[in-house]
Amino acid sequence: MVRLVCIRSFRIAVLVSFYLAANACQAQDLAPRAYLITPIHSNAVTLTYSLFDGSLFFEGTVPITGATARVHVAILNYSHSLNLFGRTASFTASLPYGVGNFRGTVVGAETLAYRSGLLPATFRFSVNLIGGPAMNVPEFMKWRQKSILGFSIRLVPQAGQYDPTKLINLGTNRWAFKPELGYSQRWGHWTLDAYAGAWFYTTNPEFFAQNQFSPGINTQAQRPIGSFEGHLSYDFKRRLWMSLDGNYWFGGATSVNGVLDAATLQRNSRIGGTASIPISRHQSIKFSYSNGAYIRYGGNFQNVSLAWQYSWLGRP
C-alpha cells in the first residue's frame with residue numbers, strides 16, 4: 001500500500017518540477033514589447049527579481065491536497081541588437097537562480113520541500129520580418145513604428161539543478177524550444193502586441209529513478225504547449241509606458257514510461273499589468289504583476305516582478 005501511494009505520488013513531480021522551473025518562467029510569460037525595434041548595436045543588461053506565490057491544482061491525478069508553492073527567482077539578462085541581412089535582429093541570454101518552497105498534504109501527512117539553485121538558462125533570437133529595417137541611431141530617430149511582424153526562437157538547454165532521485169527539481173533534465181510569431185501595431189500613444197507560439201520538449205530520460213521507490217529507469221515526456229499572448233500599452237512619454245497584459249496556453253499533457261495522463265492537460269490563462277519608468281538616460285525600472293485568470297490544472301500563482309535595466313549603444 002505504501003509503495004502504491006508513493007508510485008502515484010511521485011507523479012506530482014511531473015507538474016511541480018515544471019512549474020517551479022520551466023513553466024514558472026516559460027508558459028506563463030507576460031512580456032510586453034518583446035518585438036520592440038532598437039538601433040543596431042543596442043545593448044541592455046537587466047536584473048530581475050520575481051516572486052511566484054500560490055496554489056497547485058492536482059485534482060483527480062494524485063492523492064494530494066492543499067498544495068502551495070512559493071518561488072523566488074533572480075534573473076541576469078543580457079541582450080544585443082544586430083543587423084541580419086538588412087533586418088533588425090536581437091539576441092538575448094538569461095541566467096535564472098531560484099529558491100522554492102513546496103507544501104502539501106499527501107494521504108493525510110504534511111509534506112514539505114525546499115530547493116535552491118540554478119534554473120535552466122534561456123537563449124532567444126528574434127528577427128523583424130516586416131516593418132523595421134536595421135537602422136543606425138540617426139535613421140532610428142526619424143523612424144516611426146506602424147505595423148511590425150517578427151519571428152523568434154527560444155531555446156532552453158538541458159541545464160539547471162537536477163537530481164533524478166528526487167521528486168522536486170529546479171531543472172527539468174530535458175531540452176525545450178519555442179518558435180513564435182509576434183505582431184505589433186501602433187496608433188499614436190497606443191501599441192497593441194499579439195504573439196502566437198508553441199513550446200516543444202524532448203524526453204527526460206531519467207525521471208525519479210534509482211531510489212527506494214523506483215530502482216529502475218523512468219522516462220518522462222510532455223506534449224507541446226500552444227500559447228497566445230496579448231498586450232495593450234500606452235506611452236505617456238518616451239520610455240515611460242504602462243500595459244495591460246494577458247495570455248492563454250493549452251496542451252502539455254504528461255506521460256511517464258509511455259503512459260499518458262490525460263488529466264494533466266492544461267488550459268490556463270493569466271492577466272496582469274506592467275509599468276516601465278526611466279530613471280536616467282541609460283537606466284530604467286520595470287514593475288509587473290499578474291495572477292491566474294483561469295487555471296484548469298497546474299499552478300495558480302500570483303507573480304510580482306521588479307527589474308532594473310542598464311542600456312547603451314556600441315559593441316558588447
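Student: Which strand supplies the largest share of the largest nonpolar core?

Tutor: The largest nonpolar core has 10 residues, namely F52, L56, A67, A69, V71, V73, F102, A113, I168 and F301, where a core is a set of buried Ala, Val, Leu, Ile, Met, Phe, Trp, Tyr and Cys residues joined through side-chain atoms within 4.5 Å, and buried means under 20% relative accessible area, exposed over 50% and partly exposed in between (1.4 Å probe, protein chains only). The model is predicted, so local features need pLDDT of at least 70 and side-chain atom pairs pLDDT 80 or more, while totals for chains, interfaces and linings use all residues. Residues are numbered from 1 along each chain as its sequence is written, and side-chain values use heavy atoms, without hydrogens and water. Strands are DSSP runs of E with at least two residues, numbered from the N terminus, and the largest share of this core, 4 residues, comes from β2.

Student: What is the relative accessible area of D235, which meets R186 in a salt bridge?

Tutor: A salt bridge requires a side-chain nitrogen of Lys or Arg within 4 Å of a carboxyl oxygen of Asp or Glu, and R186 and D235 meet at 3.1 Å, N to O. R186 lies in strand β7 and D235 in strand β10, 49 residues apart. R186 is partly exposed at 24% relative accessibility, whereas D235 is buried, with a relative accessible area of 10%.

Student: Which residue of β11 stands opposite I225?

Tutor: Strands pair if DSSP finds at least two bridges between them, and 12 bridges join β10 to the antiparallel strand β11 (residues 240-251). In β11, the residue opposite I225 is G251.
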